[in-house]
Amino acid sequence: MLKEIGVGASLAVATFLLASGYNITPVLLLFGIGLALWYLQSGPGVGVGRRFHVLGQGRGGPGVPGVSFGDIGGQEVAKRELLEALEFVTRADEVRALGIRPLRGILLTGPPGTGKTLLAKAAASYTGSVFLAASGSEFVEMYAGVGAQRVRQLFSTARTRATREKRGSAMVFIDEIEVLGGKRGKHTSHLEYDQTLNQLLVEMDGINPYDEVRLLVIGATNRADLLDPALLRPGRFDRVVQVNLPDREGRLHILRIHTKGKPLADDVDLDDIARDTFGFSGAHLENLVNEAAILAMRQGKGVIGPNEFRDAIDKVIMGERLDRRPSKADLERIAFHEVGHALASEVLRPGSVSMVTVTSRGRALGYTRQTQEEDLCLYTRDWLEDQLAVLLGGAVAEEIRFGSRSTGAANDFEQALDIARRLVSAGMSPLGVVNVDELPRQLYHETMSAIMKAQERRAREILESRDDVLAAASAVLLENEKIDGEELREMLQ
Ligand code: ATP
């Protein structure tokens, strides 16, 4: 309203001055500059929904997304962790009554296209919250203070929007949060980044359980290592939920979701497609189904057949150049390597393996999860030696099966050397208590090497005497991409 009055009054004054014979060009020029500065300062983010993405009419009502957890395939662990965290919103009264510090932020980390945005939307829909999305890059501007202002605006928009829609809660989703929340002091050109991040911290600290609108910030990143530690401190992004690439079962689930309602030929086996799409993310699989449908249309077919899927898989792989997609031979090696670790672990510490997988987790190509009954503060010599044998088991298994080792064991060796160093420096080696710094290099080297060799021999004995289990478990792992501890224990018996 004020804007309209202002525009009207300015026009009237300008017409009057013009009619009175004044030269109004300088005034117009000044006005133009003022307008441009105002626009730059406020950015196109002014006003609800112009910069920040606010959802329209979703299944859950205005502003609430229409995505449910059922629309997300795989990601069972991430869903479970997220649901647990959402209790803070769904059971807000109890949280308040018990005086619990509210959960203010959840960080979803994982490779691109694995469903982080979907999870955030499903969280908003599940809790009936208004959903606002922004990307970290939207806050980064050349002009000091603009980013910080946008952060402020995002939070206030969330609150007003939730109040207007009569919702008790709002979720603010910030994708690529590493752009805005990178480590402070890294950007030397200006302090704009730092100011923006500081504002985000201030806004998050300002969230409290007695607010009329409960706010929850969900951040997403595939580079959690770049985040400023202040963001991960308790009271900010309290929960970190890993969203990994889906395994075979997860891929099958995602394929089922995306082929629902599409005409598939009878001989299409989604299980086969899931098997052939190792390393695909949810977004790749969605793209795959879409490409297959396009191919079917081009060929004038009414249904999507196995050939279309096969061609679409090639297209997605070539088109997107999937990184981290190991060849069949590499996969077999990774499987033996991981089973090597797992078997050594299970034999030396029965019940210690909870899960082995060959789908990449973070930077690792494969992964063996060991459970530990309790956190240890002190490590005995036996424990450390067993751990050494487990670490070396991977390379030994490769050697037993393929006659050679690979670079895949480099990380294991680093950890193994660390343990061997600890054994020497803690006086648990045959040298007894020694000052490592004063030890002749040759003697130190020989001692370390003897420790490693002894444990390598142990690992070899364990694996060679169970080579049938090694082969069988690796075959299952290759087929299903994962094998849980129970299954492995059954095989060992
Ligand atoms: P980015 O890191 O690139 O922002 P993201 O992890 O947020 O990616 P989404 O935007 O959630 O990924 O996913 C992109 C699309 O991929 C979704 O719209 C959906 O079609 C599909 N998709 C991804 N993951 C899944 C999944 N787990 N189940 C079903 N569909 C999925």
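Which residues does Leu 200 touch, not counting residues up to four places away in sequence? In this predicted model, the partners of Leu 200 are Val 151, Phe 155, Ile 174, Ile 177, Leu 180 and Leu 231.

Leu 200 is a good place to start a tour of the interior. The largest nonpolar core holds 27 residues, and Leu 200 is listed with Leu 154, Phe 155 and Ile 174 as the members that touch the most others. Several elements supply two or more residues each to this core: strand 5 (130–135), helix 6 (146–164), strand 6, helix 7 (177–180), helix 8 (192–205), strand 7 and helix 9 (229–232). The biggest giver is helix 6, with 5 residues.

There is also a second core, separate from that one, and Ala 122, Phe 131, Ala 133 and Met 171 are among its 25 residues. Here are the two side by side:

| Nonpolar core | Residues | Some members |
|---|---|---|
| Largest | 27 residues | Leu 154, Phe 155, Ile 174, Leu 200 |
| Second | 25 residues | Ala 122, Phe 131, Ala 133, Met 171 |

Now for the empty space. Searching the whole structure turns up 2 cavities of 30 Å³ or more, and the largest encloses about 130 Å³. Its lining is made of 16 residues, with Phe 88, Pro 102, Leu 103, Arg 214 and Leu 215 lying nearest the centre. Helix 3 (76–90), helix 4 (92–97), strand 6 (169–175) and strand 7 (214–221) each give two or more residues to this lining. Sorted by class, the lining of the largest cavity comprises 12 nonpolar, 2 polar and 2 charged residues.

Notes: Residues numbered from 1 in each chain as written. Predicted model: local features only at pLDDT ≥ 70, side-chain atom pairs only at ≥ 80, totals over all residues. Heavy atoms only, no water. 1 Å grid on protein atoms, 1.4 Å probe; cavity = no way out; pocket = protein on both sides within 12 Å on 5 of 7 lines; lining within 4 Å. Points joined across faces, edges and corners; volume = space filled by probe spheres on them. Helix = DSSP H or I, 4+ residues; strand = E, 2+ residues; numbered from the N terminus. Nonpolar A, V, L, I, M, F, W, Y, C, P; charged D, E, K, R; others polar. Core = buried A, V, L, I, M, F, W, Y, C linked by side-chain atoms within 4.5 Å. Buried < 20%, exposed > 50% of the residue type's maximum accessible area, 1.4 Å probe, protein only. Contact = heavy atoms within 4.5 Å.
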